[in-house]
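Keep the sequence and the structure side by side as you read. This report goes from strand pairs to loops, and then to the chain as a whole.

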Amino acid sequence: MGSSFSRSSRAPRAGWLALLVVAAAAPALGQAPVCGYSVVATYPHDPTAYTQGLLWSEGWLLESTGLYGSSTLRRVELATGTVHQQIALPSQYFGEGLALWQDRLLQLTWREHIAFVWDATTFIPQGSFSYTGEGWGLTHDGRVLILSDGTSSLRFLDPATHDVLGSLPVVDDGEPIHLLNELEWIRGEVFANRLLYDRIARIDPDTGRVLAWVDLTGLGPNPSPGPLNGIAWDDATERLFVTGKLWPSLHEIEMVGCPELRLFGDGFESGGLVRWSGAEP
Ligand SMILES: [Ca+2]
């Protein structure tokens, strides 16, 4: 391109080339914007916790950890990182995504095709259910469970029967977004870690389109013991928490320069995932 400029002595020709340069440098049409973050607070996090699922409920962090032989469900104090309650999974299960549905915690496993159901207060087992494929992340929008499995599609499950109601390919500018991992439903959007990327995708649940990428480069320990994984949202105080696998820290962050959340209010008024559940809006 530089040699083309040097050969051109006519202004119109140079101007036309400059226009091409501008066009080539601009993001492709439809590509989601990339935005940043600031750290509001940093808390301790168990550096042996291979975080696979994270959520906030009534003043506690609830966490699912992975790896065969050390997978757990745990209740964690935010301020200190202290584990106040814990149950270990049998060694043949690799813990994954975690969601709170009514008074039950639902905990996926990676390749075991089984989700454990726990009493959310006592952690007493309440049964299990099975699903096909791998289990990575889990959340819900108040009507349906939303599951990631490492592919570029999200699956929607009936929370009562666990039947698959539909699936949604996730794309950015037409490109499938693979390796969708830990999930969090936040005000009308699905937030998703992408394995091995320092970015969170904010996904429109109606279209599967990535609305924005929150770039978390520089967050967490350096060198990092494991990838970013774990998103929890405290809706009452609008706090966003993130951590990573084996990270000694957990962070409350604010998004900077990002689009407004899709529904800053009742997340169920717009339709959202209603088409998957068949429920009336
Ligand atoms: Ca989560």
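Two strands pair if DSSP finds at least two bridges between them. In this predicted model, β4 and strand β5 (residues 83–88) meet that definition: they pair in the antiparallel sense over 5 bridges. One bridge joins R74 to its partner Q86 in β5. The two strands form a hairpin with 6 residues between them. In the turn, G81 has a positive phi of about 75°.

**Around β4**

β4 also pairs with strand β3 (residues 60–65). This pairing is antiparallel and runs over 5 bridges. Here L62 has R75 of β4 as its bridge partner. β3 and β4 make a hairpin too, with 6 residues between the strands. L67 in this hairpin takes a positive phi near 85°.

How enclosed is strand β4 by the rest of the structure? The strand covers residues 72–76, and 4 of its 5 residues are buried, so β4 is largely enclosed. A residue counts as buried if 20 or more other C-beta atoms lie within 10 Å of its own.

**An open sheet**

Further along the chain, 4 strands form an open sheet in the order β10-β11-β12-β13, with antiparallel pairing. Which strands stand at the edges? They are β10 (137–140) and β13 (164–169). Each has a single partner strand, so one side of each is left without a neighbour in the sheet. Neighbouring strands of this sheet are turned by 25° against each other on average, direction ignored.

Look at one edge in detail. β10 pairs with strand β11 (residues 145–148) in the antiparallel sense, over 4 bridges. G137 has S148 in β11 as its bridge partner. As background, strands of a sheet pair through backbone hydrogen bonds, either parallel or antiparallel.

The strand pairs described so far can be set out together.

| Strand pair | Sense | Bridges |
|---|---|---|
| β3 and β4 | antiparallel | 5 bridges |
| β4 and β5 | antiparallel | 5 bridges |
| β10 and β11 | antiparallel | 4 bridges |

**Loops with unusual backbone**

Start with R187. This residue has a positive phi of about 50° although it is not a glycine. R187 sits in the loop between β16 (180–186) and β17 (189–194). Is R187 buried or exposed? It is partly exposed, with 16 other C-beta atoms within 10 Å.

Next comes L246, with a positive phi of about 70° although it is not a glycine. Its loop runs between β21 (239–244) and β22 (249–256). L246 counts as buried because it has 20 C-beta neighbours inside 10 Å.

Now find P223. The peptide bond from N222 to P223 is cis, with omega near 0°. P223 lies in the loop between β19 (210–215) and β20 (228–234).

**The chain as a whole**

The protein chain holds 3 helices and 22 strands. Of its 281 residues, 41% count as buried. Take contacts between residues at least 6 apart in sequence: 52% of these join residues at least 24 apart.

How confident is the prediction? The chain averages a pLDDT of 87, and 83% of the residues score at least 70. Two stretches stay under 50. One is residues 1–29, for which the model has 8 contacts beyond four places in sequence. The other is residues 265–281, for which the model has 32 such contacts.

Technical notes. Residues are numbered from 1 along each chain as its sequence is written. This is a predicted model: local features need pLDDT of at least 70, side-chain atom pairs count only at pLDDT 80 or more; totals for chains, interfaces and linings use all residues. Axes are lines fitted to C-alpha atoms, for helices over the stretch in contact, and angles run from 0 to 180 degrees between N-to-C directions. A residue is buried if 20 or more other C-beta atoms lie within 10 Å of its own, exposed if 12 or fewer, and partly exposed in between; C-beta atoms are placed from the backbone. Two residues are in contact if their C-beta atoms, placed from the backbone, lie within 7 Å. pLDDT is the predictor's confidence in each residue, from 0 to 100.
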